[in-house]
Amino acid sequence: LRNSMLAVSVLFLLLAGLVFYGFQLKKKDNKIISSAMEKSDQLLLNILPAGIANDLKEKGKTEPQLFENVTICFVDIVNFTHKSTTISPVVLIEELNQIFTAFDNIIEKYSCERIKTIGDSYMAVSGLPVPDPRHAYQIVSCCVDMIHFIRKRNTKSPHTWEIRVGVHTGEVIAGVVGVKKYIYDVFGDSINTASRMESNSEPMKIN
């Protein structure tokens, strides 16, 4: 009887140990999964507006929307293509990275949305996906700060730059393009007009 009780006790302890070990493994796995989900969510928020990212997570899709009152800005670096032939690729990309990172911080400060960059061109909007009655003021304030940043940077950096800025207000259609690589983009005549405003602007001025 004593031997049987001892065997049962040992078996019970082994089972308890296995259950505890399994619980610890599950807890560790849950922490890894939770951390991976947080990183995934943050990555999604880096490329999409918060509301759009939430729609995609909850519904798996998002519907295109018409926004009647938004302000768009295009910012282009003057003579970037010509200067790129005289600067090493590593330095060139680092210069572009520093400038666009500063622009991102300015855009965030005024609650605007960066839509995309194409080469040395930077595009942002205000008034979507959350409507903002001060959309024109917010975008123009961003553009003024961007010019101030470039001027200040030019006093310290060995490489100096100038930018052209074009701004236009109108209606746009906005939505997510693609299913594998999500891109939140905007479409409409207002985008084309803003782009033309930029290409006809003077260096270090807002058209």
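Select C143 first: in this predicted model, the residue is buried, with a relative accessible area of 0%. Its neighbour in sequence, C142, also belongs in the selection and counts as buried, at 0% relative accessibility.

**The cysteines**

With C142 displayed, add C112, which holds the closest cysteine sulfur. Are these two sulfurs bonded or too far apart for a bond? The separation is 3.8 Å, and a disulfide would require the sulfur atoms to lie within 2.5 Å, so the pair is too far apart for a bond. Next, show C73 together with C143. The sulfur of C73 is the nearest cysteine sulfur to C143, at 4.0 Å, and C143 is in no disulfide. How many disulfides does a search of the whole structure find? The search returns zero.

**Helix α5 and D145**

Select helix α5, residues 135-154. Confidence in the protein is highest in this helix, at a mean pLDDT of 96. Helix α5 lies across strands β1 (65-77), β3 (121-126) and β4, and runs at about 130° to β4.

Within helix α5, pick D145. Is this aspartate buried or exposed? D145 is buried, with a relative accessible area of 18%. Leaving aside residues up to four places away in sequence, D145 touches I106, K109 and Y110. Add A102 and draw a distance between the C-alpha atoms: A102 and D145 are 43 residues apart along the chain, and their C-alpha atoms are separated by 9.9 Å.

**The sheet**

Now select the five strands. They form an open sheet in the order β2-β3-β1-β4-β5, and the pairing is antiparallel. Which strands are at the edges? These are β2 (113-118) and β5 (183-187), each of which pairs on one side only. On average, neighbouring strands of this sheet are turned by 40° against each other, direction ignored.

Move to strand β4, residues 163-177, and its partner β5. The two pair in the antiparallel sense over five bridges. To see one of the bridge partners, select I173 and then F187, its partner in β5.

Helix α6, residues 189-199, is the next selection. Which strands does α6 lie across? They are β1, β3, β4 and β5, and the helix runs at about 160° to β4.

**Backbone details in the loops**

Most residues other than glycine have a negative phi, and most peptide bonds are trans. Three places in the loops deserve a visit in this respect.

Go to P129, in the loop between β3 and α5. The peptide bond that joins L128 and P129 is cis, with omega of about -5°.

Select N79 next, in the loop between β1 and α3 (80-83). N79 has a positive phi of about 55°, although it is not a glycine. At 51% relative accessibility, N79 counts as exposed.

Then select S111, in the loop between α4 (89-109) and β2. S111 also has a positive phi of about 55° and is not a glycine. Its relative accessibility is 57%, so S111 counts as exposed.

**The whole chain**

Zoom out and colour by secondary structure. The protein comes to six helices and five strands. Read along the sequence, these follow the pattern α-α-β-α-α-β-β-α-β-β-α.

Fit the C-alpha trace to the view: along its principal axes, the trace spans about 100 × 45 × 25 Å. How does the radius of gyration relate to that of a compact globule of 207 residues? Such a globule would have a radius near 17 Å, but the protein has 26 Å. Buried residues make up 35% of the 207 residues. Among contacts between residues at least 6 apart in sequence, 69% join residues at least 24 apart.

Finally, colour by pLDDT. The protein averages 86, and 90% of the residues score at least 70. Where is confidence lowest? Select helix α2, residues 50-59, where the mean is 72. Where pLDDT is low, the predicted coordinates should not be read in detail.

Terms used: Residues are numbered from 1 along each chain as its sequence is written. This is a predicted model: local features need pLDDT of at least 70, side-chain atom pairs count only at pLDDT 80 or more; totals for chains, interfaces and linings use all residues. Side-chain values use heavy atoms; hydrogens and water are left out. Two strands pair if DSSP finds at least two bridges between them. Helices (H or I, at least four residues) and strands (E, at least two) are DSSP runs, numbered from the N terminus. Axes are lines fitted to C-alpha atoms, for helices over the stretch in contact, and angles run from 0 to 180 degrees between N-to-C directions. Contact means heavy atoms within 4.5 Å. pLDDT is the predictor's confidence in each residue, from 0 to 100. Buried means under 20% relative accessible area, exposed over 50%, partly exposed in between (1.4 Å probe, protein chains only). The radius of gyration is taken over C-alpha atoms; the globule rule is 2.2 Å times the number of residues to the power 0.38.
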